[in-house]
Amino acid sequence: MKKTMNNLSGPLNRQMSDTVFVRLCILPVIILLIVINIFPLFYSLILSFTEYSARKAFSPEFIGNANYRDLLTDPTVWVRFVTTAKYVVMSVAGEMILGFSIALLLQEKFRGRGVLQTLLVLPMTMSPVIVGLMWKLFMDPNWGMFNYLLGLGRIDWASNPDINLYAIVIADIWMWTPFVMLLSIAGLSAVPQSLYEAAEIDRASWWFKFTRITLPMVSPLLMIALIFRVMEAFKVFDVPMGISGTGSSAPPLIAMKLYKDTFLTWKTGYGSALGYIVLLIVIAITSIFVKYLNKAKQED
Amino acid sequence: MADIVLKNVYKRFGDFTAVKDLNLNVFDKEFLVLLGPSGCGKTTTLRMISGLELPSEGQIILDNEDVTQKRASRRDIAFVFQLFALYPHLSVYNNISFPLKTQGIDKKQIEVEVQKIAKLLQIDHILKKKPKQLSGGDLQRVALGRGLIRKPKAMLLDEPIGTLDAKFREEMRTELKNLHIDSGSTTVYVTHDQVEAMDMGDRIAVMNHSLLQQIGEPHEVYSNPKNLFVAQFIGSPGMNFLEMESVTSDGKVLLKFTGDGTTIILPDFLEEKINNKKELSKITWGVRPEDVEIVPEGTKNSLRGAVFVIENMGNHKIIDIKLKDGTLIRVRELPKSKLRIGDNVSITFDMKMVRLFDTESGDSIVFQE
């Protein structure tokens with residue numbers, strides 16, 4: 001019996017087994033990952049302990065943890081972290097509240113809901129640099145529509161260092177609210193209608209249903225949206241680059257310094273060290289969220 | 001506790017009418033079963049009583065108050081859903097206490113009430129568990145607990161035990177019935193299972209094609225069905241039907257079995273019923289398995305046939321007799337019956353229990369109001 005079975009699938013087997021084929025298919029991706037992700041990750045870790053400039057013809061010189069010491073004792077770096085944190089809190093909070101609210105509104109059935117939903121998703125599909133440049137034009141103090149529409153007079157959103165952080169927050173919220181909205185819609189539509197009917201029978205008010213059923217049922221997906229947005233916002237570079245450039249009036253975000261040190265002044269070793277600090281912070285924050293997410297999932 | 005009155009209620013979904021001109025009274029503390037095949041409008045009726053659907057036309061009165069246009073949260077009713085609809089993220093305790101929490105009732109009092117209900121339903125040991133961890137029967141009890149805890153004016157149940165396995169269903173039937181007696185709440189119970197309906201209902205309302213067909217006590221709908229639909233839907237095994245034609249001979253009305261042309265002499269009270277409806281010629285003869293008797297072949301006023309199948313049910317036998325034209329008649333016999341497959345026999349009928357129907361309209365000719 002076994003023999004005939006082997007004979008049946010024989011020709012194919014002799015050419016290539018399934019596992020070999022699967023591995024062959026994955027191979028290009030693995031090579032690509034090693035070359036452009038994993039190797040740089042480890043190489044930059046090594047570089048972060050050296051004095052090195054990628055533009056000069058000297059080989060990296062090992063200097064121990066000097067880069068890290070310099071960075072962590074530099075007060076301007078702390079200012080940048082605080083500014084970045086402010087930015088993360090404001091933009092992510094805005095996106096979560098707006099995105100979830102719009103998703104709630106879209107639960108109601110009305111004409112043109114599908115079209116509206118598609119239009120609302122559009123900002124997310126654009127390139128962030130373009131979004132930045134577009135908002136720069138939109139907020140231009142001389143001929144931008146933003147001030148005019150809000151009746152604000154000549155406010156220079158992009159280059160005034162006191163307020164250009166808010167300009168970036170607004171642009172970021174505009175761009176990424178749809179992301180939270182999409183995940184919220186997915187979460188909301190997964191709540192069985194029968195639960196709301198049961199709650200209606202149990203004489204629950206709208207608020208009671210919202211806080212006792214909707215929120216807990218949607219919270220795992222909201223948590224995922226939150227993780228993604230915090231991670232992204234923490235290392236945001238392209239939108240602020242589009243709005244305020246990288247000059248001295250640009251808001252002191254951490255990614256901005258990373259870019260300047262590494263690619264404008266070519267302090268590659270120093271930049272790598274800063275990159276690693278940012279990486280560790282992002283990992284720390286997300287692992288806290290992931291822990292909460294797992295807890296929320298278990299409670300389901 | 002209260003009575004429920006539905007007056008000329010209609011429910012339309014677009015072009016489809018789910019419930020047509022429904023008039024229904026549910027008395028205080030009654031256990032009423034809405035029975036019918038799927039799509040007959042029974043669940044829609046229940047949902048209208050609850051307020052989850054509002055009627056397109058007509059009036060619904062709950063405890064002498066017109067609630068026709070009131071939403072479910074403004075009527076004081078409990079509803080047990082077919083798939084329970086327990087809150088999956090809440091513990092059993094929080095599921096049961098939910099209806100009290102929405103009313104802002106004091107925590108200590110909630111605790112007392114939950115314990116009382118949990119004891120009644122024997123679920124006090126699973127109060128901390130989540131619905132996901134429970135068996136079908138426990139889910140059922142929790143859903144009932146959530147309904148009972150606030151002492152509603154009426155309990156509405158939508159096929160609450162349809163998803164349980166057969167043996168457990170039987171237990172739950174008894175349990176539900178006892179619970180109804182204990183709590184004394186007006187109960188409307190939807191099912192498609194006529195055994196359940198017969199077993200549990202104080203009265204049964206049979207629905208089909210959006211229309212109420214008949215309402216009455218279980219023995220009424222069983223022995224005095226208003227039309228062919230009710231006759232065939234109720235009873236297991238179902239009623240036997242024979243196609244007959246009325247013929248007149250020597251001034252007497254006889255019925256001729258269209259299968260083999262045998263005529264049957266009718267007792268006076270049946271003859272009179274047919275005489276009252278002169279225009280009728282095609283008549284469906286309905287008789288329940290227990291009202292048919294197997295007699296030696298050739299007995300007077302009988303139909304000939306042969307034993308086709310014997311089902312031994314333990315305390316009785318169901319014997320299928322195949323008549324000349326192939327019609328099968330199921331007969332309920334004592335277990336000691338010595339009949340064998342292939343035996344040629346005849347059957348006679350208990351004339352008092354025979355139901356006659358107008359074949360065209362399906363209406364019973366012998367229905368007693």
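In this predicted model, three elements of chain B, namely helix H4 (136-148), strand S7 (154-158) and helix H5 (166-183), each put at least two residues into the lining of the largest cavity. H5(B) gives the largest share, with 4 residues. The lining runs through Phe31(B), Leu144(B), Leu148(B), Met155(B), Leu157(B), Leu176(B), Leu179(B), His180(B), Ser183(B), Ser185(B) and Thr187(B). Sorted by class, that comes to 7 nonpolar and 4 polar residues, with no charged ones. The volume enclosed is about 90 Å³.

The structure holds 2 cavities of 30 Å³ or more, and the second largest offers about 40 Å³ of space. Here both chains turn up in the lining: Ile201(A) and Asp202(A) from one side of the list, and Ala78(B), Phe79(B), Arg146(B), Gly147(B) and Arg150(B) from the other. Strand S6 (77-80) and H4 of chain B each supply at least two of these residues. The class make-up is 3 nonpolar, 1 polar and 3 charged residues.

On to the open sites. The largest pocket has a volume of about 880 Å³ and a lining of 25 residues, with Glu108(A), Gln193(A), Tyr196(A), Trp206(A) and Lys209(A) lying nearest its centre. Two or more lining residues come from each of four helices of chain A: H4 (75-105), H8 (164-189), H9 (193-201) and H10 (206-234). The walls of this pocket are a mixed bag, with 10 nonpolar, 7 polar and 8 charged residues.

The second largest pocket comes in at about 680 Å³. Its lining has 24 residues, and those nearest the centre are Ser44(A), Leu258(A), Ser272(A), Gly275(A) and Tyr276(A). Helices H2 (18-47), H12 (254-264) and H13 (268-299) of chain A are the elements that give two or more residues to this lining. H13(A) provides the largest share, 8 residues. By class, the lining of the second largest pocket breaks down into 16 nonpolar, 7 polar and 1 charged residues.

As for the packed regions, the largest nonpolar core has 99 residues, and the ones with the most contacts inside it are Tyr87(A), Ile213(A), Ile4(B), Leu6(B), Tyr87(B), Phe98(B) and Val188(B). A second core, separate from that one, has 43 residues, among them Ile96(B), Leu134(B), Met200(B) and Ile234(B). Back in the largest core, Ile4(B) is one of the best-connected residues. Leaving out residues up to four places away in sequence, Ile4(B) touches Leu24(B), Asn25(B), Val26(B), Ile49(B), Ile61(B), Leu62(B), Ala154(B), Thr186(B) and Val188(B).

Where the two chains meet, 26 residues of chain B are in contact with 18 residues of chain A. Together the chains bury about 2000 Å², and 59% of that area is on carbon and sulfur atoms. Tyr87(B), His89(B) and Phe98(B) account for 25% of the area that chain B buries against chain A, more than any other three residues. Two of these, Tyr87(B) and Phe98(B), also appear among the residues with the most contacts inside the largest nonpolar core.

In chain A, Arg113(A) sits in helix H5 (residues 113-125). With a relative accessible area of 26%, Arg113(A) falls in the partly exposed class, because that class runs between under 20% for buried and over 50% for exposed. Not counting residues up to four places away in sequence, Arg113(A) touches Leu106(A), Gln107(A) and Glu108(A). Glu108(A) is also one of the residues nearest the centre of the largest pocket. Arg113(A) and Asp261(A) are 148 residues apart in sequence, and their C-alpha atoms are 47 Å apart in space.

A few backbone oddities show up in chain B. The peptide bond from Ser236(B) to Pro237(B) is cis, with omega near -5°, and Pro237(B) belongs to the loop between helix H8 (228-233) and strand S11 (240-249). Gln122(B) is not a glycine, yet has a positive phi of about 55°. This residue is in the loop between helix H3 (107-121) and H4 of chain B, and at a relative accessible area of 53% Gln122(B) is exposed. His209(B), another non-glycine residue, has a positive phi near 45°. His209(B) lies in the loop between strand S9 (203-208) and strand S10 (211-216) of chain B, and with 61% relative accessibility His209(B) counts as exposed too.

Terms used: Residues are numbered from 1 along each chain as its sequence is written. Chains are lettered from A and ligands numbered from 1 in the order in which they are written. This is a predicted model: local features need pLDDT of at least 70, side-chain atom pairs count only at pLDDT 80 or more; totals for chains, interfaces and linings use all residues. Side-chain values use heavy atoms; hydrogens and water are left out. On a 1 Å grid over the protein atoms alone, a cavity is a set of points where a 1.4 Å probe fits but cannot get out, and a pocket is an open set with protein on both sides within 12 Å along at least five of seven lines; lining residues have an atom within 4 Å of a point. Grid points are joined across faces, edges and corners, and a volume is the space filled by probe spheres set on the points. Ala, Val, Leu, Ile, Met, Phe, Trp, Tyr, Cys and Pro count as nonpolar, Asp, Glu, Lys and Arg as charged, and the others, Gly among them, as polar. A nonpolar core is a set of buried Ala, Val, Leu, Ile, Met, Phe, Trp, Tyr and Cys residues joined through side-chain atoms within 4.5 Å. Buried means under 20% relative accessible area, exposed over 50%, partly exposed in between (1.4 Å probe, protein chains only). Contact means heavy atoms within 4.5 Å. Buried area is the accessible area (1.4 Å probe) that two parts lose on being put together, summed over both.
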